[in-house]
Amino acid sequence: MFVDKVKIYVKAGDGGNGVVAYRREKYVPNGGPAGGDGGKGSDIVFEVEEGLRTLMDFRYKRHFKADRGENGRPKNQHGKSRDALIVKVPPGTTVSDEHTGQIVADLTEHGQRAIIVRGGRGGRGNSRFATPSNPAPEIAENGEPGQEKDLVLELKLLADAGLVGFPSVGKSTFLSVVSAAKPKIADYHFTTLSPNLGVVETDDQRSFVLADLPGLIEGAHAGVGLGHQFLKHIERTRVIVHVIDMSGTEGRDPYDDYVTINDELKQYNLRLTERPQIIAANKMDLPSSKENLAAFTEKIGNEAAIFPMSAVTKQGLAGLLRAVADMIETTPEFPLYEEEEIDQRVVYKYTKKEDPFSIIKDDDGGFTIEGHEIETAFKMTDFNRHDSVQRFSRKMRHMGIDQALRDLGAEDGDTVRILNYEFEFIE
């Protein structure tokens with residue numbers, strides 16, 4: 001079964017907790033704090049595996065949760081950091097954030113890796129918080145939560161050339177004749193329900209990968225027919241081989257077919273018009289084909305090279321395949337995304353820092369505090385220890401949360417909420 005789009009959930013490992021511990025050894029006076037740090041949580045890394053051709057595996061496993069870091073230990077022993085969780089994907093996989101639409105990674109080459117979500121850092125043990133004024137702190141941090149995301153994985157086939165055209169113009173027959181691929185072939189529309197790949201060898205011993213893409217129809221760019229489901233697969237091809245039925249047995253004019261399909265490609269993605277195109281004038285073994293070809297050639301002029309052929313009798317195939325191989329060799333790859341569209345980039349780009357917190361006044365008179373920075377600090381605080389609670393209170397005061405609550409009218413005894421917890425505001 002060919003699967004080319006799935007939604008999955010990934011959660012990197014949380015950091016391990018730091019510990020509160022003291023050095024207690026015979027003959028060692030004033031041992032002091034000795035709580036170790038927690039280990040880093042596991043990242044989730046996607047890696048391209050050349051042998052994979054479909055996203056089928058993700059149909060059965062949609063949740064990926066990495067290991068959390070090991071907790072710290074006494075005697076200043078740090079917890080173990082976890083190795084990355086490697087998830088294999090086929091070449092041509094695009095990873096995007098389901099909620100924002102941001103492209104996280106575009107994975108095309110065997111062995112290519114991308115860190116999709118990062119594990120949390122380990123919490124610090126109490127030996128990290130020792131100061132001259134507080135030489136024996138009862139403070140330790142919980143591990144930082146690992147990142148989590150809802151992702152959309154989309155597979156766009158890696159083929160050097162792609163066959164496009166209306167249903168039943170002979171694309172599948174063409175692929176079956178020039179390669180070892182065995183697509184389903186029948187005399188009705190939309191026989192091909194999933195893309196087929198075949199390796200083609202020319203008579204001068206050159207080879208390339210050819211994709212047979214299911215038939216397009218008018219309105220495909222808007223999702224009509226198989227529309228969006230398969231138009232995306234042509235985005236990675238370097239050369240478009242436009243197969244046209246010159247016999248006109250379906251009752252359509254070959255030139256109208258040519259114009260309609262090119263318009264669909266343009267409407268779907270304007271950059272597809274940059275691809276060089278070769279016209280395969282198919283079914284030349286049928287009676288009316290020569291007459292139609294003459295009219296078609298007159299209308300099209302020098303827009304594209306035309307190669308008369310017949311997939312059934314194999315007439316004209318050798319010259320067409322040589323021309324496709326020549327064009328592939330002289331055509332560079334077309335990147336699907338500009339560098340700035342992909343989150344995995346090396347060049348630093350300034351992004352405005354999120355506000356550390358925001359406060360919402362609730363209908364019941366209470367206040368809800370939100371924001372990534374304050375929520376992370378909250379999760380990393382061990383509320384079972386008084387010193388840790390005091391440290392969190394000081395952090396809130398330094399961030400300006402206390403004053404912001406007063407400015408919104410908070411009074412003694414009012415309820416303040418962070419995540420699923422409630423506190424009392426005390427002046």
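1. A cavity, on a 1 Å grid over the protein atoms alone, is a set of points where a 1.4 Å probe fits but cannot get out, and its lining residues have an atom within 4 Å of a point. Please keep in mind that this is a predicted model, where local features need pLDDT of at least 70, side-chain atom pairs count only at pLDDT 80 or more, and totals for chains, interfaces and linings use all residues. Residues are numbered from 1 along each chain as its sequence is written, and side-chain values use heavy atoms, without hydrogens and water.

2. Ile139, Ala140, Glu141, Met380, Thr381, Asp382, Ser388, Arg391 and Phe392 form the lining of the largest cavity. That cavity holds about 40 Å³ of space (the volume filled by probe spheres set on the points, which are joined across faces, edges and corners).

3. Now to the largest nonpolar core (buried Ala, Val, Leu, Ile, Met, Phe, Trp, Tyr and Cys residues joined through side-chain atoms within 4.5 Å; buried is under 20% relative accessible area with a 1.4 Å probe, protein chains only). This core has 33 residues, and Phe174, Phe208, Leu210 and Val324 have the most contacts inside it. Helix H6 (317–330; helices are DSSP runs of H or I, at least four residues, numbered from the N terminus) gives the most, with 7 residues.

4. Leaving aside neighbours within four places in sequence, Val324 is in contact (heavy atoms within 4.5 Å) with Ala161, Phe208, Val241 and Ile278.

5. Have a look at helix H2 too: Lys171, Ser172, Phe174, Leu175 and Val178 are buried there.

How values were computed:
Buried < 20%, exposed > 50% of the residue type's maximum accessible area, 1.4 Å probe, protein only. Helix = DSSP H or I, 4+ residues; strand = E, 2+ residues; numbered from the N terminus. 1 Å grid on protein atoms, 1.4 Å probe; cavity = no way out; pocket = protein on both sides within 12 Å on 5 of 7 lines; lining within 4 Å.
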